[in-house]
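This report goes through one protein chain, starting with its backbone and ending with the chain as a whole. The sequence and structure are shown first.

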Amino acid sequence: MSTAIPFLKGHGTENDFVIVPDPENALDLSPAAVAALCDRRAGIGGDGVLHVVRSTAHPEARAMAAEAEWFMDYRNGDGSVAEMCGNGVRVFARYLQHAGHVGEGDLAIATRAGVKTVHIAKDGDITVGMGRARLPEGEVTVSVGAHSWPARNVNMGNPHAVAFVDDLAQAGTLYSPPPVSPASAYPDGVNVEFVVDRGPRHVAMRVHERGSGETRSCGTGACAVAVATARRDGADPAVTGTPVTYTVDLPGGRLTITERPDGEIEMTGPAVIVAEGEIDGDWLESALR
């Protein structure tokens, strides 16, 4: 691995990623390599890695190749594989535009949670079709220290527990995963969102992302929060026949989430490429020793 490896750095509402273009899936990005790249002191730094691969070149994406040319092989900051990352999809789309693979307008991106539809607007914002939310049955509880709250179980292709609190400071440091019970509700771990009201159809949140700790933003988490808040407010577009839109403030910025009567959820927000360069192959090799 002595040759240099191209990379870019980007973020979506300050949820930041190391972008590794690898169209033919030639790189062996082990969990240890991903963790080394995402290390904020000894590596490039990021909440995760966006491994950019043609769908035809990746065994997990070949079945989607007819619908989407590109596959987002997303990895959490600790090197673990994730099904989906909403902010990551926006940054992934911005990279494809930056590299000249796509222009403004509509495109499709393959993910482990299925094919996502994306629209790159002229004003720079990117809208991602996030699919439908699933609301598994059963009560869930989130705890921080001596406090505990009932939470809504929402699945956006990845699992979320959404808890409404009086003050976002009640979430604590979020260095480690907040305990969630019953553990059987989330056998593969969970993203935990803490939510407060800011106004009519306007909320703010903090999140502990599974495998990454607290992040500045989480796209699927914002969608889960909007769905949970709508149900709390008695708004179900499938029942009313009217779309419902929430503004969701995160530490890193603002996202707009719309749920439509057919259940489809759209997330709109910014995505920025901030740098590009080369990973020193010798450094990466030594980092894995």
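## Backbone features in loops

L174 is found in the loop between strand 10 (159–164) and strand 11. In this predicted model, the phi angle of L174 is near 60°, a positive value in a residue other than glycine. L174 counts as buried because its relative accessibility is 4%, and the cut-off for buried is under 20%.

T13 also has a positive phi, near 45°, and is not a glycine. The loop that holds T13 runs between strand 1 (5–12) and strand 2. With a relative accessible area of 4%, T13 is buried. A further backbone feature is the cis peptide bond from S181 to P182, where omega is near 0°. P182 has its place in the loop between strand 11 (180–181) and strand 12 (191–199).

## Helix 1 and its cover

Which residues of helix 1 (residues 31–38) are buried? They are A33, V34, A36, L37 and C38.

The cover over these buried residues includes strand 2 (15–21), strand 3 (48–54), strand 4 (70–76) and strand 18 (272–279). Helix 5 (281–287) is also part of what covers the buried residues of helix 1.

## Nonpolar cores

In soluble globular proteins, nonpolar side chains tend to be buried together. Here the largest nonpolar core has 50 residues, and the members that touch the most others are I109 and I257. Helix 3 (residues 219–232) supplies the largest share of this core, with 8 residues.

A second core, separate from the largest one, has 18 residues. Among them are V165, A171, V190 and F194.

## Around I109 and V115

What does I109 contact, leaving aside its neighbours within four places in sequence? The residues are A68, W70, M72, V89, F92, A93, L96, G114, V115, K116 and V118.

One of these contacts of I109, V115, is found in strand 6 (residues 114–120). Is V115 buried, partly exposed or exposed? V115 is partly exposed because its relative accessible area is 26%, and partly exposed lies between the cut-offs of 20% and 50%. With neighbours within four places in sequence left aside, V115 is in contact with M64, E67, A68, A108, I109 and A110. A68 is thus in the contact lists of both I109 and V115. V115 and I5 are 110 residues apart in sequence, and their C-alpha atoms are 27 Å apart in space.

## The chain as a whole

The chain contains 5 helices and 18 strands. Its radius of gyration is 19 Å, which agrees with the value near 19 Å that a compact globule of 289 residues would have. Taken along the principal axes, the C-alpha atoms fill a box of roughly 55 × 40 × 30 Å. Of the contacts with a separation of 6 or more, 62% are between residues 24 or more positions apart.

Buried residues make up 51% of the 289 residues. The accessible surface comes to about 12300 Å², and carbon and sulfur atoms account for 49% of this surface. The side chains include 24 positive and 38 negative ones. The centres of these two sets of charges lie 3 Å apart.

Conventions:
Residues are numbered from 1 along each chain as its sequence is written. This is a predicted model: local features need pLDDT of at least 70, side-chain atom pairs count only at pLDDT 80 or more; totals for chains, interfaces and linings use all residues. Side-chain values use heavy atoms; hydrogens and water are left out. Buried means under 20% relative accessible area, exposed over 50%, partly exposed in between (1.4 Å probe, protein chains only). Helices (H or I, at least four residues) and strands (E, at least two) are DSSP runs, numbered from the N terminus. Contact means heavy atoms within 4.5 Å. A nonpolar core is a set of buried Ala, Val, Leu, Ile, Met, Phe, Trp, Tyr and Cys residues joined through side-chain atoms within 4.5 Å. The radius of gyration is taken over C-alpha atoms; the globule rule is 2.2 Å times the number of residues to the power 0.38. Accessible areas come from the Shrake-Rupley method with a 1.4 Å probe; for residues, only the protein chains shown count as cover. Lys and Arg count as positive and Asp and Glu as negative; His and the chain ends are not counted. The place of a charge is taken as NZ of Lys, CZ of Arg, CG of Asp or CD of Glu.
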